[in-house]
Amino acid sequence: MGAPDPLNLAMSNIKRWRLSPASMVRELFGATPDAKQEEALEHFPTAARLALKSAKGAGKSTVLAWLAWNFLLTRPHPKIAATSISAENLSDGLWSEMAKWQTKSELLKATFTWTKTRIFANDHPETWWMSARTWSKSADANTQGQTLAGLHADYILFLIDESGGIPESIMPTAEAALSGAPKEA
């Protein structure tokens, strides 16, 4: 008798994990969120907007990675755009957290491919993905504003790391994309 198929094991949990991301974190990664992380995870399924504010080293990037994996795993054909205050910050922070947590899950390793700028579902690489998006430091406000443009799907998520340092021109694009997406229950 071989090891259980990770995809078959997950299928029975997908709906539950969508409603309880903290359960997914405990079961899929074997991790225990602290109280603040647990609170953010439990608000995620019903919050149209979610902001995390805390001191350096409190685990915000970890929570963002957990939420991104939850969204990728529990919604059909989602599109996620992730950005940060710089390409280096995105790569060294959130993007490396995504890789770290993928290595802790046989299901995620079997189902998704991680690259330096994109994570995609192996069966649907064109329609089921997360993209790292940045802008040139010398870009004008219009170019910066296009960083999150072009997402069209029933399930869209924007992850904005270090949002206090994000140019104001980026937010209207995100708001416009989200206004056309169906509301989750």
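How many of the residues of strand 5 are buried? The count is 5 of 5, so strand 5 is mostly covered, where buried means under 20% relative accessible area with a 1.4 Å probe and protein chains only. Welcome to a predicted model, in which local features need pLDDT of at least 70, side-chain atom pairs count only at pLDDT 80 or more, and totals for chains, interfaces and linings use all residues. Residues are numbered from 1 along each chain as its sequence is written, and side-chain values use heavy atoms, leaving out hydrogens and water.

**The sheet**
- Five strands, here DSSP runs of E with at least two residues, numbered from the N terminus, form an open sheet of 5 strands in the order 2-3-4-1-5 with mixed pairing.
- Strand 2 (112–114) and strand 5 (156–160) are the edge strands, and each pairs on one side only; pairing requires at least two DSSP bridges between two strands.
- From one strand to the next, the twist averages 15 degrees.

**Strand partners**
- Strands 2 and 3 (residues 118–121) run antiparallel and are joined by 3 bridges; Trp114 has Ile119 in strand 3 as its bridge partner.
- Strands 1 and 5 run parallel, with 5 bridges between them, and Ala81 is partnered by Phe158 in strand 5.

**Strand 5 side chains**
- Ile156, Phe158 and Ile160 point one way, while Leu157 and Leu159 point the other way, and all are buried.

**The helix on the sheet**
- Helix 5 (residues 60–74) packs on the sheet and touches strand 1 (79–83), strand 2, strand 3, strand 4 (129–132) and strand 5, with contact meaning heavy atoms within 4.5 Å; helices are DSSP runs of H or I with at least four residues.
- The direction of helix 5 makes about 170 degrees with that of strand 5, using lines fitted to C-alpha atoms, for helices over the stretch in contact, and angles from 0 to 180 degrees between N-to-C directions.

Conventions. Buried < 20%, exposed > 50% of the residue type's maximum accessible area, 1.4 Å probe, protein only.
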